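Reader: I would like a close look at a single part of this model, chain B. Please go through its sheets strand by strand, and then show me where chain B touches its partner.

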Amino acid sequence: MAKVNRIRVPMRELPAEERIKNFNSVPLGYIEEEAVAEAQRCIHCEDPPCEKNCPLNMEIKAMIKEIGQGNFKEAFLIAKKDNPIPAIAGRVCPQETQCEENCNMRKIGDPINIGKLGAFVADWAMKNKSSEEFQIKERRGKIAVVGSGPAGISCAVDLRKLGYRVTLFEALHKAGGVLQYGIPAFRLPKDIVNYELSYLQKIGVDVCLNSIVGQNILFNELRKEFDAIFLGTGAGAPRFLGIEGEKLMGVYSANEFLIRVNLMKSYKFPEYDTPLIVGDKVGVIGAGNVAMDAARCAKRLGAKKVYILYRRTKKEAPARAEELQHALEEGVTFKELVNPTKVLGNKDGWITGIELIKMKLSKPDSSGRPRPEKIAGTEFAMELDTIVDALGTKPNRLFLSRTSELETEPYGGIKVNGNLMTNIEGVTAGGDAISGGATVIIALGDGRKAAKSIHEYLTKLYR
Amino acid sequence: MYKITRKENLNTDDYLIEVEAPNVAYRFKPGNFVVLIAVPKGERIPMSIQKAEDGKITMFIKKLGKTTIELDKSKVGDSIEQVIGPMGNPPEIKKYGNVVFSSDLVCGHAENYAMCKELKKIEGNYVISMQTFSNRSQIYPENELSKNFSDEYYLTTLDGSYGIKGHYKNVLKDFLDKGKIDFIFAGGDLPALRDLAKLTKPYDVPTIVTVRQVMVDATGMCGSCRVFVDGEMKLTCIDGPMFDAHKLNFEDIIRRMAMYKKKEAEAMEYYNKRNKSIE
């Protein structure tokens, strides 16, 4: 047997100094030769740990094998079979804690770059206009899918392929949910998102935009008109710190900041109408992926200094390693062990800075991470022109406040059983709407699981 | 795409535009608003509705910035990119007794019309409508005023060139002094609404005003339109747009409304330049 290469085929990326000038994709993607070489590093484990750790149980081993043999179309078909949006998942999944986490290659070197291989085959299929062939046998049953984010997409695709009539409702004027409004183009190019979404129409899913369930379509109307429902309403509502001065101008929620940039294309203002105010010094509160996205956007929008302000240390940061690394490469400064106590402003109502208090780590809390504690008397001020609160999100109360019959968890998520069924018969839910903060791939997995539940429910109903 | 079926000037600054938007029209209740995207690269802006009939909605719009000036150039038969709604949480249409709706600006005038029309249908309501314009030439055409849906109607001009001289607040004060008012709705200029709140507070007359802060998605996602009601954060898009005037922090609202002034000027300049180069 040929000697396996312990080291990954490196992913070519735009140099940092180049990429902070635009919103182009940072990873440049494997070319065919690179993908083949990376795939050939795979040792084809008998009981592949990568597949077990994938929320979609994709047939990763088989996909990699085909890539290694240069059979890109076959590889694509394998990926697409279990994942309706492989080009997206390959880019934004946290592979290091999923498929790549237990890769046996890790024991002797780098794990296989499964994410980038997945993206490669999907991109290859897009470029070569290659698609799967299938026939849909129409079946009795009308299903409403609420929310066109990853959970909604996978649920809609699976149910449509089973032959049901599926209508997908989206509140915004573009489909895609967080893929469209949340994740910046340098991480997930919007032409990729739009291409993957075009698949929905191609297989005959009816997509209704500007349809805000609970607002301009009532949940009860859906219940009357459809035989089953999936709720993939996400966790769209922002959290604020709730400290003094937060109502000053110059304070954004990460949601608003990113919606302006991604959905409304503020980075092309004034060609696009929607403005965004980014000062010279920007402070982003939080250290998750959203915080990294906001910080990296701020850099690209001309901020001279961008700070991540985090109450724990880099080690505990919830962001993916790759995102954190990219942010640092781009010149974002990570300030550890600080917590905001007050937003400082001038008499015109604009912020001038932030007051922070130093923190120390003590015993682990319920999240398993060391609990940050304030060090009394260590408050200090920092000059800032823009503050972005990236403190996580919560389920949108617009929908929940108008669906009182739906049971929820204390934290606001929709309550479901093991099959993702809610307390209402025929109504399922998944993704951030139940967890409050999942990943794209978990949402895809939920959508798929809910589709299965709905299929079982309707099969029983029509028997 | 949403087809424009009627477009007329209301005065030199304001115009009305009617568009086909069956779902919005079907579900509209007074107090609801819509979000417009005028052109493909456009911003999402909230807009008041005056009327919703036969699958069409009518909006009153002021030529204020790039979007509204560009939209003013459109003609009947043209289309608006997106009309989204109805949005917001409308007030209950019920018996309020002697109920006022007063307004002094374009959006307020649209809401005045829509609200009075429905309030008048409820038995036991005595609807008093007040509308203020700057001068005689700025008064809207008669059939766009809320005159026809009120038991008493007061038209005032700031310079006194028509109707009663001064702001509607003066008229309202007389009513309050006589103890004749049970409930007040109002919309329009924010500083005037702030003054209205101060005026009605000592009389203890419930006063509900429309405030719409800068919005982006208008579905409760971005938090841009946050206002403070008794110190508690509320979103004008989903909790509003109508709030208890006696509990609102107006200084904060007025300040934040001007947040994008510089950017708006930049957008306008870019638009003018682009138009020149096309010519």
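Author: What follows takes the sheets of chain B in turn and then turns to the contact with chain A.

This is a predicted model. One sheet of chain B is open and has seven strands, in the order S6-S1-S2-S5-S4-S3-S7, with antiparallel pairing. At its edges stand strand S6 (79–80) and S7 of chain B, and each of these pairs on one side only.

Begin at the S6 end. Strand S1 (residues 2–9) of chain B pairs with S6(B) over two bridges, in the antiparallel sense. In this pair, Tyr2(B) is found opposite Ile80(B) of S6(B). S1(B) is also joined to S2(B), by five bridges, and these two strands run antiparallel. Here Arg6(B) has Glu18(B) of S2(B) opposite. The chain passes from S1(B) to S2(B) by a hairpin of four residues.

Towards the other end of the order, strand S3 (residues 33–37) and strand S4 (residues 45–53) of chain B are joined by four bridges and run antiparallel. Leu36(B) stands opposite Ile45(B), which belongs to S4(B). A helix also belongs in this picture: helix H3 (residues 106–119) of chain B packs on the sheet and touches strand S2 (14–20), S4 and strand S5 (56–62) of chain B. The direction of H3(B) makes about 30° with that of S4(B). As for side chains, in a regular strand they alternate between the two faces of the sheet.

Another sheet of chain B is likewise open, with seven strands in the order S11-S10-S9-S8-S12-S13-S16, but its pairing is mixed. Strand S11 (164–165) and strand S16 (242–244) of chain B each have a single partner strand, so each has one side without a neighbour in the sheet. For S11(B), strand S10 (residues 152–157) of chain B is joined to it by two bridges, and the two run parallel. Thr156(B) of chain B is placed opposite Ile164(B) in S11(B). Further along, helix H5 (residues 190–200) of chain B lies across strand S12 (183–187) and strand S13 (207–210) of chain B. H5(B) runs at about 175° to S13(B).

Now to the partner. The contact between the chains takes 33 residues from chain B and 30 residues from chain A. On the chain B side, at least two residues each come from helix H1 (22–27), helix H2 (66–72), strand S7 (82–87), helix H6 (250–257) and helix H7 (261–278). S7(B) gives the largest share of that side, five residues. S7(B) is also an edge strand of the antiparallel sheet described above. By type, the chain B residues that touch chain A divide into 14 nonpolar, nine polar and ten charged.

One more feature involves residues of both chains. The largest nonpolar core has 224 residues, and those with the most contacts inside it are Val121(A), Val284(A), Ala291(A), Ala294(A) and Val34(B). Helix H17 (residues 440–462) of chain A gives the most to this core, nine residues.

Terms used: Residues numbered from 1 in each chain as written. Chains lettered and ligands numbered in written order. Predicted model: local features only at pLDDT ≥ 70, side-chain atom pairs only at ≥ 80, totals over all residues. Contact = placed C-beta atoms within 7 Å. Nonpolar A, V, L, I, M, F, W, Y, C, P; charged D, E, K, R; others polar. Pairing = 2+ DSSP bridges. Axes fitted to C-alpha atoms, helices over the stretch in contact; angles between N-to-C directions. Core = buried A, V, L, I, M, F, W, Y, C linked by C-beta atoms within 7 Å. Buried ≥ 20, exposed ≤ 12 C-beta atoms within 10 Å, placed from the backbone.
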